[in-house]
Amino acid sequence: MYNKKKFKITMKIKKKKILKIIKKNKTPIWIYNWNIIKNKIKLLKNFDTVRYAQKALSNINILILMKKIGLKIDAVSIGEIKRGLLSKFKKNDEIIFTSDVIDKKTIKIIIKNKITINAGSTNMLKKIGKKSINHKIWIRINPGFGNGHNKKTNTGGKNSKHGIWNIKKAIKNIKKYKLNLQGLHIHIGSGADYNHLKKVCIAMIKNIIKINITIKSISTGGGLPIPYKKYEKKININKYFNIWNNTRNYISSYLGKKIKLEIEPGRFLVAESGILITKINTIKKINNKKFILINAGFNDFIRPCMYGSYHKISIINKKNKKNKKYIKKKKKFIIGGPICESGDIFTQNKNGNIKTRKLKKIKIGDYLIFHNTGAYGSSMSSNYNTRPLIKEILLKNKKIYIIRKKQKIKDILKLEKKIF
């Protein structure tokens with residue numbers, strides 16, 4: 001069925017504990033391991049500031065625990081700002097608001113709580129400048145190139161909506177509205193390799209020289225990858241840090257003062273902490289293809305459907321006395337969900353082509369586990385097909401905590417008002 005030792009290493013959660021959770025909670029369900037998150041944070045200890053990109057996994061309990069060990073956070077919406085405030089992030093630049101646009105409500109809460117802005121457009125600089133003199137800001141630069149594991153995750157270059165292209169125009173607005181420039185930020189996409197990283201560092205230096213203004217910090221952005229497949233290597237954090245630290249030292253020497261080095265990880269901290277547990281609802285054959293249909297859909301977990309993202313899948317067999325209806329030999333399966341969409345397939349590539357997975361010793365009622373789903377799993381869920389958001393569970397110090405209850409259909413319908 002599976003290699004028990006390997007299963008534990010990969011999962012970081014013992015099968016016995018998973019079965020205990022399944023017994024008390026209906027699937028599908030998210031499970032996170034706090035120890036993994038904490039250990040990933042420790043790997044970034046050389047950076048002056050670790051700022052968590054909460055869009056990856058924004059549960060307030062995760063944010064509260066991160067606050068307790070000294071992390072700061074990035075917010076990309078008014079909702080994420082409120083999550084941050086609720087999680088006790090308040091002082092100085094503990095919350096930075098990163099966006100390319102800003103509205104009146106967001107400006108109001110930002111000014112009230114003195115939240116630093118990371119501006120991705122000159123229009124943002126104008127809007128905040130007219131309302132809040134000497135407001136602390138960063139500039140998010142679009143360096144003219146980008147990178148990403150998928151074209152949809154590329155956040156730099158001429159086809160990206162993100163960042164400021166004309167930095168001289170931005171500086172002109174900063175001076176005009178007397179804004180307080182804190183630092184420069186560049187993020188070109190997820191999964192950046194070392195060659196792209198060096199290009200980003202060169203772009204940061206060139207922009208520092210171009211603006212010729214003293215700043216306090218530079219941000220590497222996020223995009224630190226994790227290995228989703230066996231052959232993918234883990235990123236060398238020391239190498240990553242040294243490349244950026246050399247850049248920081250060059251800029252410090254140029255400006256004549258020591259500046260801080262900030263990093264903004266999301267996926268890197270939480271992806272490997274999470275699993276999605278689902279149940280096999282049916283196994284069916286269509287023509288010469290075999291389908292496993294599970295009780296989780298792309299409304300729960302959209303990455304494989306939106307990006308063609310690969311996630312390792314494991315099986316946990318449901319205990320059943322002498323059940324002879326196992327598919328014993330390893331066979332190729334397409335794995336899909338219950339959503340009324342042909343695209344609700346978890347085994348496809350980035351071009352939308354259907355792929356298969358080899359599985360064996362499975363039957364209806366068994367459980368499939370999707371690995372490395374802590375990032376952009378729950379946080380990208382939706383109510384499509386009027387399906388409630390599913391439960392989230394956190395494992396910490398051998399204890400099991402329910403950190404989000406399963407949503408009820410009546411809670412969804414409450415938002416709608418009958419007028420006819």
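This passage describes the barrel, the helix packing and the aromatic pairs of a predicted model.

The strands β2-β3-β4-β5-β6-β7-β8-β9 follow one another in this order to close an eight-stranded barrel, and their pairing is parallel. Direction ignored, neighbouring strands of this sheet are turned against each other by 25 degrees on average. Within the barrel, strand β6, which covers residues 136–141, pairs with strand β7, residues 180–186, in the parallel sense over six bridges; in this pairing Arg-140 has His-185 of β7 as its bridge partner.

Helices pack on this sheet. Helix α7 (residues 122–131) touches β4 (95–99), β5 (116–119) and β6, and its direction makes about 155 degrees with that of β5. Helix α9, formed by residues 194–211, lies across β6, β7 and β8 (217–219), and runs at about 155 degrees to β7. Strand β6 is thus touched by α7, and α9 also lies across β6.

Contacts between helices were examined as well. Two packed helices are described by the angle between their axes and the distance between the axes. For helix α3 (residues 34–42) and helix α4 (residues 60–68), the axes are 12 Å apart and the packing angle is about 40 degrees, which means that α3 is oblique to α4. The crossing of these two helices is right-handed. On the α3 side the contact is made by Trp-34, Ile-37 and Ile-41, and on the α4 side by Ile-62, Leu-65 and Met-66; the residues of this contact comprise six nonpolar, no polar and no charged.

The axes of helix α5 (residues 78–86) and helix α6 (residues 104–112) come within 10 Å and cross at roughly 25 degrees. Because angles under 35 degrees count as roughly parallel, α5 is described as roughly parallel to α6. Here the crossing is left-handed. Ile-78, Ile-81, Lys-82 and Leu-85 of α5 meet Lys-105, Thr-106, Ile-109 and Ile-110 of α6, and the residues of this contact divide into five nonpolar, one polar and two charged.

Aromatic rings provide a further set of contacts, with six aromatic pairs counted in the model. One of them is formed by Phe-301 and Phe-370, whose rings are arranged edge-to-face, with 6.1 Å from centre to centre and 70 degrees between the planes. Phe-301 lies in the loop between β11 (289–294) and α12 (303–306), whereas Phe-370 belongs to strand β15 (residues 367–371), so the pair ties together parts that are 69 residues apart in sequence.

Notes: Residues numbered from 1 in each chain as written. Predicted model: local features only at pLDDT ≥ 70, side-chain atom pairs only at ≥ 80, totals over all residues. Heavy atoms only, no water. Axes fitted to C-alpha atoms, helices over the stretch in contact; angles between N-to-C directions. Helix = DSSP H or I, 4+ residues; strand = E, 2+ residues; numbered from the N terminus. Parallel < 35°, antiparallel > 145°, perpendicular 65-115°, else oblique. Left-handed = near helix turned anticlockwise from the far one by under 90°. Contact = heavy atoms within 4.5 Å. Nonpolar A, V, L, I, M, F, W, Y, C, P; charged D, E, K, R; others polar. Pairing = 2+ DSSP bridges. Phe/Tyr/Trp six-rings, centres within 6.5 Å; stacked < 30°, edge-to-face > 60°.
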